[in-house]
Amino acid sequence: SGPVPSLHSLACLVYQRSRNWDCSRRITMCRTTGKLQAPTSDAYDPAPDLSLAKIRAVIPKHCFQKSAFRSTMYLLQDLAIIGALYYMRPWFCFAWWSPLRLLWWNMVGFFGWCLFVVGHDCGHGTYSNNETLNFLIGHIAHTPLLVPFTGWQASHRKHHMNHNHVENDHSWKPLPFVTYKEFMADPLSRIFRCSYGMLLVFPIYLLSHTGDFCSGNHFNPWDRKLFDKSETIPALFGTISILAWLGGLFYYIDPLTLLDAYFVPYLVFASWLSLVTYLHHTDPKGVYYREKEWTYFKGSLSTIDRTYGKIIDYLHHDIGTHVVHHMLFTSIPHYHLKEATAAVKPVLGDAYLFDSRNFVSAFAHNVQTCRWVDQKAHVVKYQHIDAEVCKTN
């Protein structure tokens, strides 16, 4: 008799044989829990009897009303808090060894993220009904965060129009298995896409031009991968705004103070942005589509709602309420999203995805388990079997 097979080899055998099954019955074994993962297939509709029009019909009409005054109150709230934190900086950072410095960095960075969300409404046109006002406020909110408003608006629009499409999405689209192996073999890609280092990837994403997992250089108005010709002048305005902002900072403030008081909080802001957007679109429950199986409506149903706790939810403007936002992203301002979601949930039923886990543990878990998707199937979910187990994929 031969040696007793290991669990590793049994998992390999199960996976290899499952690859020969009919696509609608294909299953894969989860090595870490022993449970069966959801099938991949070539046809799936989480809500076949629903449509975007039916969803819109159940949302109270006032949820579609935009108030420039109300939006501006949120803008002023964020600016006032950030201003107060800078005013109190000497009380937190009275010495290089002060443990309160870490707290100050995190608070300033977090409220920078809150300010970004106000600019996010501007980018979608939900800050107000005035496009010029949205454009100007978007720059006021995003320029201090070193985010080119028009560039971000362009890539974010493409993300919304292709959300959860395996090939065409522009934000946290899943890695097919072959690409995943390539990323794991490259040290930088492994750190910034396949580990907790992804929290710091946002500034790299803004500057990157080449590759299937970037939208284009957000600072270059002539980058035709990202911008249409009609967007060149608005994009140039955003880039000049940031250069002028940085020029002023370096002219009036010494580099060491800038590092401590500005660039470290900036990294905290970027980490919050990456954390929240990653959790919106990366989850074991999420479904991702290719080719004709993808529709705008099905893609929106694969985004994930969650809470960050009542206080954080309020402070960062309920950005975790994301499913309805992806359905009607140019129509509902952030302060109506919770009410709109409450109206929609009974209609969506099981098609509504909500993650009740603590967001820190959810992020730690998802980074380890949401690794790759099937290379060819039209409907896929994340898998997390080690590459050594799945090398036949």
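User: Helices here are DSSP runs of H or I with at least four residues, numbered from the N terminus. With that in mind, which helix gives the most to the lining of the largest pocket?

Analyst: Welcome! Please keep in mind that this is a predicted model. Five helices each supply at least two residues of that pocket's lining: α5, α7, α9 (187-193), α10 (202-207) and α12 (255-281). The one that gives the most, with five residues, is α12.

User: How much space lies in the largest pocket?

Analyst: The pocket is lined by 40 residues, and those closest to its centre are H170, V201, Y205, F213 and C214. By class, the lining has 15 nonpolar, 18 polar and seven charged residues. The space in this largest pocket comes to about 870 Å³.

User: Are α5 and α7 roughly parallel or roughly perpendicular to each other?

Analyst: The axes of α5 (residues 100-124) and α7 (residues 149-161) come within 10 Å and cross at roughly 70°. Angles of 65 to 115 degrees count as roughly perpendicular. The two helices, α5 and α7, are therefore roughly perpendicular.

User: How many charged residues are there in the contact of α5 with α7?

Analyst: The crossing of these two helices is right-handed. On the α5 side, F116, G119, H120, C122, G123 and H124 make the contact, while α7 brings F149, W152, Q153, H156 and H160. Sorted by class, that contact holds four nonpolar residues and seven polar ones, and the number of charged residues is no more than none.

User: How many cavities of 30 Å³ or more are there?

Analyst: The largest cavity has about 60 Å³ of space. About 50 Å³ lies in the second largest cavity. Altogether, the count of cavities of 30 Å³ or more is three.

User: How many polar residues are in the lining of the largest cavity?

Analyst: This cavity is lined by L175, Y180, R193, C194, M198, Y278, V367, C370, R371 and Y382. Eight of the lining residues are nonpolar and two are charged, while the count of polar ones is zero.

User: Which helix gives the most to the lining of the second largest cavity?

Analyst: V117, H120, D121, H317, D318, I319, T321, H322, H325, H334 and L337 form this lining. They divide into three nonpolar, six polar and two charged residues. H120 also takes part in the contact of α5 with α7. The helix that gives the most to this lining, with three residues, is α5.

Technical notes. Residues numbered from 1 in each chain as written. Predicted model: local features only at pLDDT ≥ 70, side-chain atom pairs only at ≥ 80, totals over all residues. Heavy atoms only, no water. Axes fitted to C-alpha atoms, helices over the stretch in contact; angles between N-to-C directions. Parallel < 35°, antiparallel > 145°, perpendicular 65-115°, else oblique. Left-handed = near helix turned anticlockwise from the far one by under 90°. Contact = heavy atoms within 4.5 Å. Nonpolar A, V, L, I, M, F, W, Y, C, P; charged D, E, K, R; others polar. 1 Å grid on protein atoms, 1.4 Å probe; cavity = no way out; pocket = protein on both sides within 12 Å on 5 of 7 lines; lining within 4 Å. Points joined across faces, edges and corners; volume = space filled by probe spheres on them.
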